[in-house]
Amino acid sequence: KGLLYKGFKIVPYCPRCGTPLSSHEVAQGYKTLKERTAVVRFKIVGEDAYFLAWTTTPWTLPSNLALCVNPSETYVKVKAADGYVYYMAEALLDTVLGKLAEEGTPAYEVLETYVGKDLEYKEYEPLYQCAYDCAAKQKKKAFFVTCDDYVTLTDGTGVVHLAPAFGEDDANVGRKYNLPLVQLVDSKGEMTKETPWAGTFCKDADKEILVDLDKRGLLFSAPKFEHSYPH
């Protein structure tokens with residue numbers, strides 16, 4: 001009768017047990033960690049410029065399918081002292097780019113100003129071929145900027161990386177924009193064969209992914225960040 005559909009729901013999951021967990025179970029296992037995060041350059045299609053996006057979970061970057069901005073906040077295009085042109089939130093410019101300033105040389109020069117909604121659907125080059133190939137099989141559009149109010153300007157760059165298979169907010173935005181669902185971590189918590197790190201436990205892949213992005217000139221910085229993380 002067409003009254004059933006197959007869908008996906010984001011739930012906490014334990015790779016050791018191989019089962020989903022309730023939020024009550026996960027709440028018992030949070031620890032405060034200080035670990036490397038990633039501020040990544042996403043190359044914009046047809047433009048010598050990059051989106052700067054921040055993530056606390058580098059292992060989800062091979063599954064990146066979109067970027068997200070707050071539709072009503074102010075964003076800017078700047079020429080930075082490192083020679084690159086970046087798009088990011090105006091409110092976080094000094095926090096992220098301030099360290100590039102040298103005596104007599106400002107850290108950045110503002111070229112253009114936008115609201116987040118102006119950047120919607122702007123396309124960028126996929127970070128990893130494995131995500132592109134999986135998205136292509138699903139015949140769905142990906143690798144463009146989305147808008148959602150959940151993006152805040154308290155940390156990061158005001159541009160959030162989206163991997164719809166790994167976060168509830170990501171999945172909600174993914175449904176809204178009809179993004180593909182790319183799942184590049186298996187039921188044991190290991191990176192799948194499509195990725196360059198097949199068989200590596202996802203959290204152990206963090207460091208290797210950061211090194212890879214750095215070699216390719218796509219890692220702006222990898223600041224340490226203290227946050228609460230489920231164990």
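The overall fold and the salt bridges of a predicted model are described here. Local features required pLDDT of at least 70 and side-chain atom pairs pLDDT 80 or more, while totals for chains, interfaces and linings use all residues. Residues are numbered from 1 along each chain as its sequence is written, and side-chain values use heavy atoms, without hydrogens and water.

The protein contains five helices and 13 strands (DSSP runs: H or I of at least four residues, E of at least two). The radius of gyration, over C-alpha atoms, is 18 Å; this agrees with a compact globule of 231 residues, expected near 17 Å (2.2 Å times the number of residues to the power 0.38). Buried residues make up 47% of the 231 (buried, under 20% relative accessible area; exposed, over 50%; partly exposed, in between; 1.4 Å probe, protein chains only).

The structure holds 12 salt bridges (a side-chain nitrogen of Lys or Arg within 4 Å of a carboxyl oxygen of Asp or Glu). One joins Glu47 to Lys122, with closest N and O atoms 3.1 Å apart. Glu47 lies in the loop between strands 4 and 5 and Lys122 in the loop between strand 9 and helix 3, so the pair ties together parts 75 residues apart in sequence. Glu47 is buried at 18% relative accessibility; Lys122 is partly exposed at 23%. Both belong to a salt-bridge network with Lys77 and Glu112.

Glu123 pairs with Lys141 at 2.6 Å. The two residues sit 18 positions apart, in the loops before and after helix 3. Glu123 is partly exposed at 37%, as is Lys141 at 43%. Arg216 forms a salt bridge with Asp212 at 3.1 Å.
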